[in-house]
Amino acid sequence: MPLVRQSHRHHRRHSQKHREGEREKDSAPTEQGYHCKSHRSPSQRVQFILRTKEDEQHVPHHLFSELDEICVKEGRDAEWKETARWLKFEEDVEDGGERWSKPYVGTLSLHSLSELRSCISNGSVLLDICANSIEEIADMILAQQEQSTEFDEHMRAQVREVLLRKHHHQNEKTTNLLPAVCSFADVSKRQSDLHLLYKPAQTITPCPSPTAAEAKDGVNPESRAMDLSKAELHFMKKIPTGAEASNVLVGELDFLHQPIVAFVRLSPAVLLSGMTEVPIPTRFLFVLLGPEGKAHQYHEIGRSMATIMTDEVFRDVAYKAKNGADLVAGIDEFLDQVTVLPPGEWDPSVRIEPPKNVPSQEKRKTPGALDDGASHSTLEKHCGPELQRTGRLFGGLTLDVKRKAPWFWSDFRDGLSLQCLASFLFLYCACMSPVITFGGLLGEATNGHISAMESLLGASMAGVVYCLFAGQPLTILGSTGPVLVFEKILYKFCKEYALSYLSLRACIGLWTAFLCIVLVATDASCLVCYVTRFTEEAFASLICIIFIYEALEKLSHRDTYPVHMHSKLDFLTSYYCKCEAPTHPSNETLRFWASNKINVSGIAWENLTVTECRYLRGEFQGPACGRDGPYTPDVFLWCCILFFATFALSGFLKKFKTSRYFPTRVRSTVSDFAVFLTIVVMVLLDFVAGIPSPKLQVPHAFKPTRDDRGWFINPIGPNPWWTVLAALVPALLCTILIFMDQQISAVIVNRKEHKLKKGCGYHLDLFVVAVMLGVCSVMGLPWFVAATVLSITHVNSLKVESDCSAPGEQPKFLGIREQRVTGLLIFVLMGCSVFFTSVLKFIPMPVLYGVFLYMGVSSLRGIQFFDRLKLFWMPAKHQPDFIYLRHVPLRKVHLFTVIQLTCLVLLWTIKVSRAAIIFPMMVLALVFARKAMDFCFSKRELSFLDDLMPERKKKLDDARNEAGEEEEVRLAGSSGLDISVGL
């Protein structure tokens with residue numbers, strides 16, 4: 001006996017609009033032979049349906065599907081019980097009936113899909129009916145059923161009574177004294193008007209605003225928040241705004257002899273009393289009631305209906321379908337996309353975890369999408385509007401200003417969020433230490449002409465101006481190693497030839513600023529389009545490795561707090577270290593004693609402290625003495641503990657967002673403030689331990705380090721006039737350094753996978769850096785340019801993900817919170833740091849080194865070079881499914897990696913050698929090295945190995961190519977032979 005019988009009655013049209021639509025459909029010209037459906041594939045028919053014009057009642061919305069089941073036997077008073085729900089993935093009521101299952105990917109049998117197709121083909125399909133209550137809908141459904149001896153008026157009344165029975169939802173408590181059937185509007189008045197609990201449902205528009213819906217139903221926001229249970233409120237947050245419901249009702253009735261099947265689409269959507277778990281309007285109903293003995297079969301058909309309604313393509317078809325044939329075409333297209341798992345190779349009882357990323361379904365909707373991006377034979381370059389040469393003087397700069405000006409005020413409004421506060425607190429601590437450290441190293445290299453105070457002031461000034469006026473305020477300015485090398489060489493040159501270091505440096509800085517402005521005027525930033533992923537990743541990898549190396553190298557310095565190696569525990573009582581007068585004082589020590597009138601014989605050397613002994617040029621003697629002083633117990637070990645604990649805790653708290661514990665808001669907040677919380681915890685731990693670990697040293701007074709210099713430097717000063725012209729030569733080298741550092745960091749920040757919406761401004765960025773470079777040169781301050789690792793960390797700390805995600809669905813990456821507030825606050829507070837020394841002095845340096853390690857390691861994630869590097873030690877069967885491994889031979893992948901690794905090693909060697917001054921030239925040489933690789937690799941291979949497209953987009957293009965090839969084969973076959981498959 002077939003599951004359903006053919007219904008020969010058709011419902012009366014309830015809408016003039018529907019009759020007009022039918023006439024339009026009948027009189028519309030055929031498109032691409034649509035009149036002959038047998039020669040069209042299901043996907044083509046669906047694409048035709050989706051291209052039809054839509055009115056306000058047929059605009060697709062997000063759907064929430066709910067499966068309710070009933071079993072009426074021997075006249076027992078049964079009720080509808082919610083057994084499953086779908087927002088995107090399936091959730092079932094567990095057998096105990098007390099909780100929902102974890103969301104999982106619903107697995108359907110081909111038999112149940114075939115039965116569902118038969119139900120839609122042979123059952124009643126009621127489209128665009130206007131009804132205000134479940135009573136009216138039940139009457140319309142029953143009006144479609146034929147009068148027969150097996151289905152008389154008495155049985156019709158029984159079925160109607162079953163359809164109107166109460167619905168018990170999972171979130172309702174069994175101890176609830178109120179009736180289970182009550183609308184959302186009724187529940188809000190339960191305390192004052194109990195007789196309104198059975199008020200008829202209200203008709204509402206398909207996508208009402210919350211205010212309009214509340215006003216129409218007599219609900220105010222206070223009552224809504226008060227009456228919804230905690231579980232309902234939490235689940236409502238997961239449902240997108242404007243979503244509608246699809247109710248699936250299945251069950252077995254002992255008095256039925258033939259199944260009753262109906263698919264209903266309401267127009268407009270209606271808020272039905274107690275029908276749905278959450279108060280959203282119902283758009284679709286699917287009813288399947290049949291004889292007893294087939295409960296499992298009905299359940300599987302209901303699951304199939306609810307699952308297919310959550311499919312993006314079929315959902316759109318359901319909204320735009322004109323008749324049952326369109327719905328059948330939608331099911332056929334769905335079946336074309338189904339993947340079958342062999343029964344003997346997997347366990348059907350295993351629930352499949354929701355995937356992290358779900359591919360786009362656009363290729364199923366639009367025929368043109370199948371052919372987009374069909375070729376990967378050409379490389380994608382940075383050829384956006386920001387990098388188009390204008391041919392006019394300062395043309396690129398003008399366009400950058402016009403592009404960024406409309407976003408200027410929103411850059412400040414968008415910064416008013418808790419995430420920005422967390423990013424600011426984290427990066428302030430991360431930026432302070434390298435600036436002060438760089439200033440200290442610069443002070444040692446220049447004999448105090450430029451030191452920590454100048455470094456703080458320069459970073460603050462340049463950072464504030466950059467964050468206010470630059471085209472990409474997400475970039476963080478910092479100091480670089482090559483600049484330090486250049487400063488050392490320049491100071492040594494000036495000292496040898498008796499020239500004024502600060503004056504000559506000011507000339508070089510002004511020439512460099514002028515040359516950078518010339519580059520801006522001539523749109524030289526357009527050359528960035530030649531910087532591909534090959535160059536980006538080599539440069540970024542080098543900077544990340546430098547961060548990691550310097551963090552470990554600074555930790556390993558044991559000169560300040562030496563460790564007693566190979567000590568004997570049994571001799572601890574005999575170890576000592578005391579101060580004594582030097583047995584053979586040097587001439588410098590003798591002059592010091594004489595100039596300070598120190599009587600050596602009158603000093604009790606053994607009673608001096610470590611500081612006093614060092615000041616008086618004494619010597620440390622004893623088995624517990626190191627080279628520069630006594631061994632310091634516990635300090636180095638404690639520094640190691642702080643260092644690695646900071647790194648581990650930062651990583652743990654950052655990943656806390658994906659933890660299974662605590663509510664989403666708590667996890668997100670902890671994740672945003674991960675590094676700041678880590679620093680606070682480590683500072684408190686260090687304070688409680690009381691071990692004298694090295695602390696952050698901040699200048700106490702706002703004044704130049706040396707008394708013989710001021711805040712403004714004369715570019716000529718005591719130097720000969722020709723030094724102004726001679727400064728042009730080193731300025732050329734500095735210009736290359738500034739340009740490459742700035743633009744490569746900007747390219748990394750502006751990657752397409754970051755989904756930036758406000759555009760970028762390469763020309764404007766370089767112009768602001770050039771202006772501030774000139775100002776810092778005149779003031780005798782260090783030069784600052786884009787810092788790669790700090791900028792990447794800044795961008796990563798401002799990632800925005802979707803708040804409203806279905807249960808089981810991973811939050812979607814929406815982009816970066818583009819704003820100017822975090823960078824501005826970082827550098828303003830950095831300038832004020834001289835006033836916070838009483839607080840900053842408690843921050844241990846090992847904690848900041850641990851933050852450096854965390855930033856370096858976290859910035860390495862997402863760099864394709866390291867993914868390819870791991871392939872050398874990975875067997876083929878364990879290699880990840882990277883898109884380039886599908887299309888490029890493994891030996892070519894390894895060759896590409898070896899070339900990139902060689903360039904990286906060469907850059908590192910130059911960076912740490914005396915030839916570090918030519919480092920910018922070597923970075924520039926990477927572009928030419930990459931160009932030479934065109935002779936070793938084909939354009940197609942390079943398009944997969946060296947581009948800026950995200951991995952996911954690449955896979956989508958690959959899927960489109962395969963789908964396009966399949967469609968071509970299908971079209972070729974259908975033109976000569978028509979093959980139909982009946983399910």
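This report walks through some charged pairs, a surface patch and a nonpolar core in a predicted model.

## Charged pairs inside the structure

Let's start with charge. Side chains of opposite charge can pair when their charged atoms come close. In this model there are 20 salt bridges, and a few of them make good starting points for a first look.

One of them joins D316 to R315, with 3.3 Å from N to O. Both partners are tucked away: D316 counts as buried because its relative accessible area of 7% is under the 20% cut-off, and R315 is buried as well, at 14%.

Another salt bridge links the side chains of D400 and R403, at 2.6 Å from N to O. You can find both residues in helix α14, which covers residues 395–404. They sit three residues apart there, or about one turn of the helix. D400 is buried, with a relative accessible area of 0%.

## A link across the sequence

What distance, N to O, separates the side chains of D414 and K758 in their salt bridge? The value is 2.7 Å. D414 lies in the loop between α15 (408–413) and α16 (418–445), while K758 lies in the loop between α27 (728–749) and α28 (762–779), so this pair ties together parts that are 344 residues apart in sequence.

The two partners can also be described by their accessibility. D414 is partly exposed, at 32% relative accessibility, whereas K758 is buried, at 6%. The pair also belongs to a network: salt bridges with shared partners connect D411, D414, K758 and R820.

## A nonpolar patch on the surface

Now for the outside. Y661, F662 and V666 make up a nonpolar patch on the surface, and together they have about 350 Å² of accessible area.

To find this patch, look for F662 in the loop between α23 (635–654) and α24 (664–672). Is F662 buried or exposed? F662 counts as exposed because its relative accessibility of 57% is over the 50% cut-off.

## The largest nonpolar core

Turning inward, the largest nonpolar core contains 137 residues. Which helix gives the most to this core? That is α16, with 14 residues.

The residues with the most contacts inside the core are F426, I508, W783, I826, M830 and M855. F426 is a handy one to click on: leaving aside residues up to four places away in sequence, F426 touches V675, T793, V851, Y854 and M855.

Terms used:
Residues numbered from 1 in each chain as written. Predicted model: local features only at pLDDT ≥ 70, side-chain atom pairs only at ≥ 80, totals over all residues. Heavy atoms only, no water. Salt bridge = Lys/Arg side-chain N within 4 Å of Asp/Glu carboxyl O. Buried < 20%, exposed > 50% of the residue type's maximum accessible area, 1.4 Å probe, protein only. Helix = DSSP H or I, 4+ residues; strand = E, 2+ residues; numbered from the N terminus. Patch = residues over 30% accessible without salt bridge, like charges linked within 9 Å, V, L, I, M, F, W, Y side chains within 5 Å. Areas by Shrake-Rupley, 256 points an atom, 1.4 Å probe, with all protein chains shown as cover. Core = buried A, V, L, I, M, F, W, Y, C linked by side-chain atoms within 4.5 Å. Contact = heavy atoms within 4.5 Å.
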